[in-house]
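Work through the following exercises with the sequence and the coordinates side by side. Each task is followed by a solution that proceeds step by step.

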Amino acid sequence: MRWTLKPKPEEEKINELATALQVSGTIASLLLQRGISSFEEARQFFRPSLNDLHDPYLMKDMDKAVARLEKAIENEENILVFGDYDVDGTTAVSLVSGYLKSFYPNVATYIPDRYDEGYGVSFKGIDFADDNSFSLIIALDCGIKSIDHVAYAKEKNIDFIIGDHHRPGDELPDAVAILDPKREDCDYPYDELCGCGIGFKLIQALAANRDQTIDDLIPYLDLVATAIAADIVPMTGENRVLAYFGLQVINSDPRPGIKAMTHQLKKKTLDITDVVFIIAPRINAAGRIKHGNHAVELLTEFDFEQAQQFASEIEAYNAERKDLDQQITKEALNQIEENGEQNRFTSVVFQETWHKGVIGIVASRLIETYYRPTLVFTKSGDKYAASARSVKGFDVYNALEACAEHLEQFGGHMYAAGMTLKPENYTAFKEAFERVVQETIAPELLQPELSIDAVVRFGEITPKFTRILKQFEPCGPQNMTPVFVSNNVFDTGYGKPMGKEEEHLKLFVRQNNSEGIPAIGFGLGNKHAIVKNKQLFEAAYCIDENEWNDKIELQLRLKDIRN
């Protein structure tokens with residue numbers, strides 16, 4: 001692993017901010033690294049407020065979207081809320097449909113079948129709308145490139161409102177309104193909202209017409225926080241505010257569907273990491289293994305007993321998903337070895353029987369072994385479909401764009417994308433993708449980077465220091481949990497590997513004459529030799545609180561250690 005220490009801000013700025021906030025220089029440095037340089041910016045960061053959310057009407061076309069919706073309600077039209085089958089899409093559909101149904105009955109939802117229809121707006125979905133007399137479709141977390149689909153709907157006198165957060169193409173669909181802060185002609189102050197976040201801005205705008213305030217919309221924030229965590233969008237600006245208050249809802253008064261997934265957990269207070277690893281995979285499992293409709297049913301059910309039934313079904317899908325991704329990962333790793341492709345710049349694998357619902361997870365798993373841009377293909381109808389995942393700092397979407405001549409369609413983000421191609425183009429695409437990545441990726445990006453915020457002494461880790469660090473949460477991209485490094489650390493003699501295969505490392509560490517601190521290094525069991533016999537080493541770590549038997553103690557979560 002490549003350790004990179006972030007540049008330290010100017011000493012004068014550190015001292016100014018530390019004095020203004022009455023905090024240590026290290027805390028001031030962490031804030032400056034996150035673009036927070038004044039008392040007021042720090043207040044907004046440490047004290048998130050729903051009053052800091054932007055006016056939804058600053059978003060291009062919001063006035064048109066609200067006007068069309070109000071007209072539909074006035075004329076008693078049927079409204080179809082359409083969304084992608086992942087966490088962001090199903091939470092967005094649950095949020096917008098749930099809000100509309102709170103005062104208007106003629107609302108239904110539609111999630112496309114991952115296998116039959118694929119990603120995004122589908123002709124089958126539009127036919128369903130036509131057959132069932134829907135005259136308005138709200139597409140969420142998809143639609144920004146659905147030019148042909150929107151034109152097809154228009155021929156059937158069905159209007160579209162699109163709420164998307166993906167990058168638009170050169171041409172926009174002919175929809176009544178397109179809500180997407182990434183539009184070049186949109187001046188909305190924050191362009192990193194997820195699809196569910198766009199849905200929230202829409203209901204925020206609608207709420208103003210009903211004499212409702214932001215306080216009336218707080219019950220919907222458990223959905224928004226879940227989508228923000230799952231979609232790995234930056235934890236800055238509005239996203240951080242929405243996630244902060246959404247976590248409060250999850251921990252105090254979640255909707256029955258979320259409560260059904262979490263009520264048996266021993267942990268009393270869930271953080272954003274728990275949302276990522278406990279709630280999100282279960283919601284995702286519905287669309288991966290069965291159908292995204294199951295997730296919407298769970299998230300919009302208000303009878304707790306029924307929600308528990310839905311949750312137990314989804315738990316079974318999640319268990320099946322885990323088995324599948326382990327099996328396919330093993331097969332994909334074998335394929336790379338059999339093809340002698342261990343030293344390429346990319347991993348591109350294909351097996352026509354692989355389950356389409358887990359190939360994205362498998363791509364992420366392969367990166368844990370071969371750290372490079374990765375595509376996992378399977379057969380989908382008469383085409384090959386793939387999920388792409390990238391490494392930190394490399395834009396896989398741009399790389400796919402450079403290979404577009406071989407693809408039928410593609411879409412996504414810098415770090416994750418999806419695509420389809422004709423079987424006869426697979427080999428040519430695989431070689432083109434390898435060539436493009438080889439020519440454009442910086443060599444250091446092929447080695448995992450451990451980004452370190454600051455060098456600290458154990459003596460700095462005081463109760464006040466850790467209390468302030470907790471206020472950096474919720475953490476995520478562009479506001480990651482701070483990582484520190486300390487030198488001349490030694491284990492007091494209690495260090496030992498742990499776990500079934502001794503894959504983890506448990507230590508009790510000191511620096512000079514400091515007090516001892518427990519430390520845990522997941523996946524670092526193979527580095528036990530570095531800490532034997534009280535040898536001095538460098539430790540890179542996050543500062544955690546470990547909750548055990550109703551007791552909370554400080555703990556270092558080791559990211560890496562070295563001589």
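**Exercise 1.** Which order do the strands take in the open sheet of 5 strands with mixed pairing?

Solution. The order is E7-E8-E9-E11-E10, where strands (E, at least two residues) and helices (H or I, at least four residues) are DSSP runs numbered from the N terminus, and two strands pair if DSSP finds at least two bridges between them. Strand E7 (347-350) and strand E10 (409-412) stand at the edges with a single partner strand each, so one side of each has no neighbour in the sheet. From one strand to the next the twist averages 15°; axes here are lines fitted to C-alpha atoms, for helices over the stretch in contact, and angles run from 0 to 180 degrees between N-to-C directions. Within the sheet, strand E8 (residues 374-380) pairs with strand E9 (residues 383-389) in the antiparallel sense over 7 bridges, and Leu-375 has Ala-388 of E9 as its bridge partner. Finally, helix H15 (residues 359-369) lies across E7, E8 and E9 and runs at about 45° to E9, contact meaning heavy atoms within 4.5 Å.

A note on the source: this is a predicted model, in which local features need pLDDT of at least 70 and side-chain atom pairs count only at pLDDT 80 or more, while totals for chains, interfaces and linings use all residues. Residues are numbered from 1 along each chain as its sequence is written, and side-chain values use heavy atoms, with hydrogens and water left out.

**Exercise 2.** Describe the open sheet with parallel pairing, from its edges to the helix that packs on it.

Solution. The sheet has 5 strands in the order E3-E2-E4-E5-E6, and the pairing is parallel. Its edge strands are strand E3 (107-110) and strand E6 (177-179), each of which pairs on one side only. Neighbouring strands are turned against each other by 20° on average, direction ignored. Strand E5 (residues 159-163) is joined to E6 by 3 bridges, with Gly-163 standing opposite Leu-179 in E6. Helix H5 (residues 87-101) packs on the sheet, where it touches strand E2 (78-83), E3 and strand E4 (134-140), and its direction makes about 160° with that of E2. E4 and E5, which run parallel, are joined by 5 bridges, and Ile-137 has Phe-160 of E5 as its bridge partner. Because 4 of the 5 residues of E5 are buried, this strand is largely enclosed by the rest of the structure; buried means under 20% relative accessible area, exposed over 50%, and partly exposed in between, with a 1.4 Å probe and protein chains only.

**Exercise 3.** How do the axes of helix H2 and helix H18 cross, and which residues make the contact?

Solution. The axes of H2 (residues 25-33) and H18 (residues 463-470) come within 11 Å and cross at roughly 15°. That makes H2 roughly parallel to H18, a term for angles under 35 degrees, whereas those over 145 count as roughly antiparallel, those from 65 to 115 as roughly perpendicular and the rest as oblique. The contact is made by Thr-26, Ile-27 and Leu-30 of H2 together with Phe-465, Ile-468 and Leu-469 of H18. Thr-26 counts as buried, at 12% relative accessibility, and, residues up to four places away in sequence not being counted, touches Ala-454, Val-456, Glu-460, Phe-465 and Phe-484.

**Exercise 4.** Locate the unusual backbone values and say whether Glu-76 and Asn-157 are buried or exposed.

Solution. Most residues other than glycine have a negative phi, and most peptide bonds are trans. Glu-76, although not a glycine, has a positive phi of about 55°; Glu-76 is placed in the loop between helix H4 (62-74) and E2 and is exposed, with a relative accessible area of 60%. Asn-157 has a positive phi near 60°, lies in the loop between helix H7 (147-155) and E5, and counts as exposed at 65% relative accessibility. A cis peptide bond, with omega about 0°, joins Glu-473 and Pro-474, and Pro-474 lies in the loop between H18 and strand E14 (484-491).
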